[in-house]
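Hi,

Here is the structure I promised to send over. Have a look at it first, and then read on for what turned up.

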Amino acid sequence: MRIVVDALSVTNLSGRRVLSGHLEQIACAHQQRHQFYVLVHQGNRDLINTALPNLTWILCPGLTRYWVGRALWQLVGFEPLCARHHIDLVLSPTGALCLGTPRPQIVLAQNPWCFVPAFHYGPLLKLKAALQRRAYRQAQAQAWALFCNSLFLANLYTRDSGLLRKEPLLPNGVDEAIFAAAATSLNWEERSLEVLTVSVMTPHKAIEAVIDALALLHARGIPATLRLVGPWAQLAYRRRIERRVERLGLANVVHLQGHVSDPALHALYAR
């Protein structure tokens, strides 16, 4: 079977890690059965880090870096691409169907952003959220199969659409290298009291809640430290978090590490 994977919307760090993990597992498990064609653009071409004989990377036009451009390109360019490569099945990790093709589709739902009004800042994001919810309802009604990565997200989909899909959950995997690093880590009793948060740091991830939780620990005499690992989507949001840390007297125990290499990340998890 020939399967196209639409990775055009996978632009942030966490999404890339999740999709890369899925691709590597699926492609390795089906080397003798299926050929995968993965769509990327200049903005996320660093996804091209897996060399398997049944994995082909296709670089798409520059306008697909942006959600409006992706939608327009799908309407006119997606089905011709599928026809050229004789695609049998479409795999969409966006929670929505790929537009412009009648081919059967499997949809993976991973992002609850559009269901949370507090994160829709301004008219443009409100419009984007409304369009996403509409697309998610279409996916529930029309997808050959639809998987969610959590029960929380599955319930949001069902509540919004009124439709109940019966596919099992498909949780996000963990990089195997993390387990290898953990094998060399300290015994539990020898470890320091440390909280690790790994994410793209954006307002809708509510990093404030982690800071406030740390303050509660210190108020109860528990001298834990916190490491925030991941890129900051907005400089203003980072400064807001830094001010909160200073106000709560946690400057010496909160470490903002930004983006780190894979080996450094594995070592942090192992701690």
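Let me start with a spot that is easy to skip past. Ala-206 counts as partly exposed, because its relative accessibility is 33%. You will find Ala-206 in the loop between β7 (194-198) and α6 (207-219). What caught my eye is the backbone: Ala-206 is not a glycine, yet it has a positive phi of about 55°. As background, most residues other than glycine have a negative phi. Please keep in mind throughout that this is a predicted model.

There is another residue of this kind, His-86. Its phi is near 55°, again a positive value in a residue other than glycine. His-86 sits in the loop between α2 and β4, just after α2. Is His-86 buried or exposed? It counts as exposed, because its relative accessibility is 55%.

That brings me to helix α2 itself. It runs over residues 67-84, which makes 18 residues. From first C-alpha to last it reaches 24 Å, close to the 26 Å expected at 1.5 Å a residue. Even so, α2 has a bend of about 55° at Gln-74. Gln-74 is one of the buried residues of the helix, along with Gly-69, Arg-70, Trp-73, Gly-77, Phe-78, Leu-81 and Cys-82. An α-helix has 3.6 residues a turn, so residues three or four places apart point the same way. And what covers the buried residues of α2? The cover includes the strands β1 (2-6), β2 (35-40), β3 (55-59) and β4 (89-92).

Since you will probably look at the cysteines: the structure holds zero disulfides. Cys-60 is in none, and the nearest cysteine sulfur, in Cys-82, is 10.0 Å away. Cys-60 is buried, because its relative accessibility is 7%, under the 20% cut-off. For Cys-114, the closest cysteine sulfur is that of Cys-148, and because the distance is 11 Å, it is too far for a bond. Cys-114 is buried as well, with a relative accessible area of 0%.

Cys-114 also turns up in the packing. The largest nonpolar core has 19 residues, and those that touch the most other members are Val-107, Cys-114, Phe-115, Tyr-136, Leu-146, Leu-153 and Tyr-157. At least two residues of this core come from each of β5, α3 (123-142), β6 (145-148) and α4 (151-161). Apart from this core lies another, of 18 residues, with Val-10, Leu-23, Leu-89 and Ile-106 among them. In soluble globular proteins, nonpolar side chains tend to be buried together. To see the larger core from one residue, click on Tyr-157: leaving aside neighbours within four places in sequence, Tyr-157 is in contact with Gly-95, Ala-109, Phe-115, Tyr-136, Gln-140 and Leu-146.

Two buried polar residues are worth a look too.

Gln-105 is in strand β5 (residues 105-109). It counts as buried because its relative accessibility is 5%. Which backbone atom does the side chain of Gln-105 reach? It is the backbone nitrogen of Cys-98, at 2.8 Å. Beyond four places in sequence, Gln-105 is in contact with Leu-89, Val-90, Ser-92, Leu-97, Cys-98, Ala-143, Trp-144 and Ala-145.

Arg-227 is in strand β8 (residues 225-229). At 18% relative accessibility, Arg-227 counts as buried, because the cut-off is under 20%. Its side chain makes a polar contact with the side chain of Gln-257, at 2.7 Å. Not counting residues up to four places away in sequence, Arg-227 touches Glu-194, Val-195, Leu-196, Thr-197, His-255, Gln-257, Leu-268 and Arg-271.

Finally, a couple of distances to help you find your way around. Lys-126, in helix α3, is exposed, with a relative accessible area of 52%. Lys-126 and Ala-145 are 19 residues apart in sequence and 28 Å apart in space, C-alpha to C-alpha. Ala-264 is in helix α8 (residues 262-270) and counts as partly exposed at 30% relative accessibility. Between Ala-264 and Gln-140 there are 39 Å in space, C-alpha to C-alpha, and they are 124 residues apart in sequence.

Cheers

Key:
Residues numbered from 1 in each chain as written. Predicted model: local features only at pLDDT ≥ 70, side-chain atom pairs only at ≥ 80, totals over all residues. Heavy atoms only, no water. Helix = DSSP H or I, 4+ residues; strand = E, 2+ residues; numbered from the N terminus. Buried < 20%, exposed > 50% of the residue type's maximum accessible area, 1.4 Å probe, protein only. Polar contact = N/O pair within 3.5 Å; in protein donor to acceptor, adjacent residues only side chain to side chain. Contact = heavy atoms within 4.5 Å. Expected span 1.5 Å × (residues − 1). Bend = angle between axes of the 7 residues up to and from the residue. Disulfide = S-S within 2.5 Å. Core = buried A, V, L, I, M, F, W, Y, C linked by side-chain atoms within 4.5 Å.
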